[in-house]
Amino acid sequence: MTTALRISTTDRFTDIPPPLGDVVAEYRIAPGDAMVKDRPWGAIAYSVTAGQFIQIIDVAGSQCSDFLAFGGEHYSDPLDATVTRTLTGLAVPQAGLPSKLFSQSMQPLTEVVQDTCGRHDSFLLACTARYYEDAGYPGHPSCSDNFNRVLAPYGIAPRPGWPALNFFYNTSVNGQGAIAFAEPLSRPGDYVLLLAHQDLLCASSSCPDDIDPANGWQPTPIHVRIYAAGQTFARGMGRRVAADLPLRLTQDSAFTPSIRQLTDDLAEYNGFWVPQTFAHQGNQAEYWALRQRAALMDLSVLRKFEIRGTDAFALVQYAFSRNLEKVVPGQGAYGCLLNPHGGIVDDGIVFCFSPTRYRYVGNCDTDRNWLRQIAQQKGWSVAVEAVDLHNLALQGPCSREILTALVPDVSTLSYFQFLESQVQGIPVLISRTGYTGELGYELFVQPQNGAALWEALMTAGKSARLLPLGMKALDRARIEAGLLALGYEFDDLTSPYQAGLGWAVAMKKPDFVGKAALEAIRHHPPRVAVGLVLAGPEVATHGQPVFAAGERWRVGQITSATFSPVLNASIAMAQVVPEYAEAGTAVEVGLLDGLKRRVSATVGPLAAFDPTK
Amino acid sequence: MNAGKLTQPWDMAGADGLVAARALFGEAVDHLATFQSMETELEGLPCAVLRLCNRNFRLTYLGPLDRIVAELQLNLWVKQLAWMGTVVLPNQSSTIPLTAQDCSPILAQASVRAPHRLRGLPLNCAVPAQIVALPALIWHHPIEGQPALELHLAKAQIENLWRLIQSFSDGSVSLTTAHT
């Protein structure tokens, strides 16, 4: 039996990220057609024991590495991508829940712990001789043949094509069902970190495909590191949101350790691990706690930026859609950041501390650079910095009573006012704001005080039967309240007049970003936001068509939808042409393929539920 | 251990599953999340309602649920699943212990897949689980007023479960199984 050549772990590689932990073995795989004497080329086979970690690194970027694993007795239970897709419900493996890669017998073989690329393939074979033959390259090395070569010493029978998990292979399925591929999204040093759930024989390739974009026409090395068992690596997905911002791995908020005590159902959202529902509780109970009593949620995914300087007011007044002239210290205003063609860059709240100090709370890491860019272009003296504050939202009809017991001054806060105070000695900023449509507050805190604040609020809310609330219930509540979500109701091609935020645009301001474009759009936006109440219980989904009643043509599409328990109705937010936006207009929502079933719906206000707050 | 009368559950599901449940049991049924249940009455008879999905429900009910639902003229099916059996482990506390050491031997052998949690499972909650290698739905709810564990599993596996339980308890356990 031959084994892959191990590199001494004392060797230093300067072309890849430093080790994440205690390395027990590492291998450099030359590109598949390199055939370097005494060095592994094309593919390697290697053993790992349960609990060890496998890091597969794309050294130079844009390089695929196909992966096989064999568990069970005598390596009889291979990794199976179809089983994995079926059990995880994911086309592409990812870190989080679910994250395991399963065998043919449905046993977990490995688990994705970290992934800095996020785009892989689980549908196609590792490249085969047949592929190259059909393309006019008979005899071209292939990953499948390379796997056959390195697996033969282990008694594993050859196959003309290996069904592998193809890391960094950038494939997609289009609307017509065709599978396409393109240059990988991976950058130099991108990696996938796997945890072995059992003793495994693994094989990794450095794909030799140089005849198409699969490796950018230039195959490059793959590096495999094995880490010792017993180490802890934080789970994370890498996110790149802009070319000028670094990769960001999913992080915990200051409240996540407390939340993990109550649920294992967390998902990546905008760079953070956020709870979806809480164990033994469920989104229904969370929803009703919010609507009838009180609920506590972690909204630390919101980005906070401090805007300071003599021209701070000039910047926010020019970049933000609202007129902030009358927003005094201690007040905030909801609106949006705009781009020059009137598209919504982000929505959020500007808090005023003084004319030379504001805080913007929104959704995007890119907001800082956008605000800085505007300030620079205008020659304004102002600094924009990200602020590391995490925040909880305490929402619901009992929220005032709960919070007033801790901070009596809260009773004086009007809508969109804020104060700085303490909760049991913990410094907090409390604003009367929220994302649920209910009476509610948000509490901003330094990360080191997060756990204490969570505990204090959970304890204070016990008598009111406060529940922690996850994203599923929050999404239902925000749709009922007609509140917008980035990527659903708006993006940078959507104007505020289309998204339902026309009321938040101060056209009387002398000038602001996007004003000229919005002057033209406002009188007849291509579509306008409305609420729909559907006949029957079926729930629509984002992107489904809205038809004129009884007609064959579309008049809009659904942006968000849910079943509203409080209204006992299926509701949706939609964007329709202005001619069909009047309240009471009858339309039809196309479910399934838009043809098989149409459900009648009635146009109404964007906010289907608007309690007194 | 012993238990009282047990019925073969009714299952109902369909596009109008929630509409039917609300018509039968009122708004309270829509306060249930998936795998949560409530005890109620239907036409004067006790009824336990377990929500399995948005529009799927399982009920223990002695009356003719199929006839009652048919009168609603809605789009859903109602049946007693011929291949599914029910076993009851009586006299469980109102919350399943937080640690395996504190559990009954059979529960100590059960595992669940994330994000489900078996430990600390309160009353009126259920969880899909594997008891050693036997797949079962463990439903923690009152039966005749007493907290109990109702296990739903393939009828073909009931004998295996029985043997498993006896192996943990030196043959001292008597089970109640559902009558179809």
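Q: How much surface does chain B expose, and which atoms supply it?
A: In this predicted model, chain B exposes about 8,100 Å², and carbon and sulfur atoms supply 53% of that area. Turning from surface to interior, 51% of the 180 residues of chain B count as buried.

Q: Which helices and strands does chain B hold, by number, and what share of its contacts joins residues 24 or more positions apart?
A: Chain B has four helices and eleven strands. Among the contacts in chain B with a separation of 6 or more, 57% are accounted for by residues 24 or more positions apart.

Q: How many disulfides does the structure hold over all chains?
A: A disulfide is a covalent bond between the sulfur atoms of two cysteines. The structure holds zero disulfides over all chains. A:C143 is in no disulfide, and the nearest cysteine sulfur, that of A:C127, is 3.8 Å away, whereas the cut-off for a disulfide is a sulfur pair within 2.5 Å. B:C53 is likewise in no disulfide, its nearest cysteine sulfur being that of B:C125, 16 Å away.

Q: Why does A:C143 count as buried, and why does B:C53 count as partly exposed?
A: A:C143 counts as buried because its relative accessibility is 0%, with buried meaning under 20%. B:C53 counts as partly exposed because its relative accessibility is 38%.

Q: Which residues have the most contacts inside the largest nonpolar core, and which elements of chain A supply at least two residues of this core?
A: The largest nonpolar core has 41 residues, and those with the most contacts inside it are A:M297, A:I344, A:F351, A:L469, A:L484, A:L501 and A:L518. In chain A, the elements that each supply at least two residues of this core include the strands β18 (295–298), β20 (331–338) and β21 (344–354), and the helices α5 (282–292) and α10 (471–480). Apart from this core lies another, of 32 residues, among them A:F255, A:I259, A:M458 and A:A464.

Q: Leaving aside its neighbours within four places in sequence, what is A:L484 in contact with?
A: With those neighbours left aside, the contacts of A:L484 include A:Y334, A:D347, A:Y435, A:R478, A:F490, A:L501 and A:M573.

Q: How much space lies in the second largest pocket, and which residues are the closest to its centre?
A: Rolling a probe the size of a water molecule over the atoms shows where empty space is left. About 1,000 Å³ of space lies in the second largest pocket. This pocket is lined by 31 residues, of which A:L97, A:P98, A:K100, B:A114 and B:P115 are the closest to its centre. Elements giving two or more residues to the lining include α1 (81–88) and β7 (108–115) of chain A, together with β8 (125–131) of chain B.

How values were computed: Residues numbered from 1 in each chain as written. Chains lettered and ligands numbered in written order. Predicted model: local features only at pLDDT ≥ 70, side-chain atom pairs only at ≥ 80, totals over all residues. Heavy atoms only, no water. Buried < 20%, exposed > 50% of the residue type's maximum accessible area, 1.4 Å probe, protein only. Core = buried A, V, L, I, M, F, W, Y, C linked by side-chain atoms within 4.5 Å. Contact = heavy atoms within 4.5 Å. Areas by Shrake-Rupley, 256 points an atom, 1.4 Å probe, with all protein chains shown as cover. 1 Å grid on protein atoms, 1.4 Å probe; cavity = no way out; pocket = protein on both sides within 12 Å on 5 of 7 lines; lining within 4 Å. Points joined across faces, edges and corners; volume = space filled by probe spheres on them.
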